[in-house]
Amino acid sequence: AQLGANDPKRALLAAQDQGRADSGLQLAAGEPKAALATATAAIERVEKVEVPASDLIGVTWRVSILDGNLGTAASASIQLGHYAKAEAFARRWLKVQTNPISMDDPRAVTSFATAVLAHAIAMQGRNDEAQKTLLPALAYYEGEQKAGAVGTSFRHEYAYALYVNAIAAPTDAAGRKQRHVDLDQASRLIAGASADAQKLVDMRYVNGLIAAARAAPHA
């Protein structure tokens, strides 16, 4: 009632309300197909809404909705085996501007999105490209670890990036060695979290990826 008829925030609220379900919650509940459908619909609605740069609140809402749903769409697509689609969503995710009032470190947001992109690329057999894509994210995580980062989100995201680097490693002796090093380090990151943190959906998902990579015939 406080918004004018032509205020873009009215359209954003309407677009968000039409979703009715939260794509991130659907993905966490183990429903990647439903999560992808919900996220895709939300993205299509929100991308149609033009918000002037001077409308800080409107820009914040638009960026927040796109950021969450593009990330969910990319991750859900990977879980469903739609790797080319996941790559496209991840590239769009990386192009979303930084939330102007977010307290999150934009380097952390970009690094995780980069890891998801590299995962999608690796699953399409473009391992060299995946490793090169991942380099900035790994450099960021390594720097944060040296600075003393130990938080749950950091552990989850760094472990995921290391897993991606492992599956993209060459199949020669050096590559196999690096694969084991990466998977071992990823496991230690997860194991170093509290017992409650290790039960979180995201942590269990990455732990499962690590276990599957260890069990792979060429590991």
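Nine salt bridges are counted in this structure, which is a predicted model. Three of them are listed below with the separation of their closest N and O atoms.

| Salt bridge | Closest N and O atoms |
|---|---|
| Lys9 with Asp55 | 3.1 Å |
| Arg91 with Glu87 | 2.9 Å |
| Glu129 with Arg91 | 3.5 Å |

The pair Lys9 and Asp55 links distant parts of the chain, 46 residues apart: Lys9 belongs to helix α1, whereas Asp55 sits in the loop between α3 and α4. Both residues of this pair, Lys9 and Asp55, are buried.

Arg91 takes part in two of the tabulated pairs. Arg91 and Glu87 both lie in helix α5 (residues 83-95), and because they are four residues apart, about one helical turn separates them. Glu87 is buried, at 11% relative accessibility, while Arg91 is partly exposed, at 35%. Glu129 lies in helix α7 and Arg91 in helix α5, so their salt bridge ties together parts 38 residues apart in sequence. Glu129 is partly exposed, with a relative accessibility of 31%. A network of salt bridges links Glu87, Arg91, Arg126 and Glu129.

Helix packing is described next. The axes of α3 (residues 32-47) and α4 (residues 56-79) come within 8 Å and cross at roughly 145°, in a left-handed crossing. The residues of this contact comprise twelve nonpolar, four polar and two charged; among them are Leu36 and Ile43 in α3 and Ile65 and Leu70 in α4.

As to confidence, the chain has a mean pLDDT of 91, and 95% of its residues reach 70 or more. Among its elements, helix α7 (residues 127-146) has the highest mean pLDDT, 98, and helix α1 (residues 8-19) the lowest, 72. Where pLDDT is low, predicted coordinates should not be read in detail.

Methods:
Residues are numbered from 1 along each chain as its sequence is written. This is a predicted model: local features need pLDDT of at least 70, side-chain atom pairs count only at pLDDT 80 or more; totals for chains, interfaces and linings use all residues. Side-chain values use heavy atoms; hydrogens and water are left out. Axes are lines fitted to C-alpha atoms, for helices over the stretch in contact, and angles run from 0 to 180 degrees between N-to-C directions. Helices (H or I, at least four residues) and strands (E, at least two) are DSSP runs, numbered from the N terminus. A crossing is left-handed if the near helix is turned anticlockwise from the far one by less than a right angle, and right-handed if clockwise. Contact means heavy atoms within 4.5 Å. Ala, Val, Leu, Ile, Met, Phe, Trp, Tyr, Cys and Pro count as nonpolar, Asp, Glu, Lys and Arg as charged, and the others, Gly among them, as polar. pLDDT is the predictor's confidence in each residue, from 0 to 100. A salt bridge is a side-chain nitrogen of Lys or Arg within 4 Å of a carboxyl oxygen of Asp or Glu. Buried means under 20% relative accessible area, exposed over 50%, partly exposed in between (1.4 Å probe, protein chains only).
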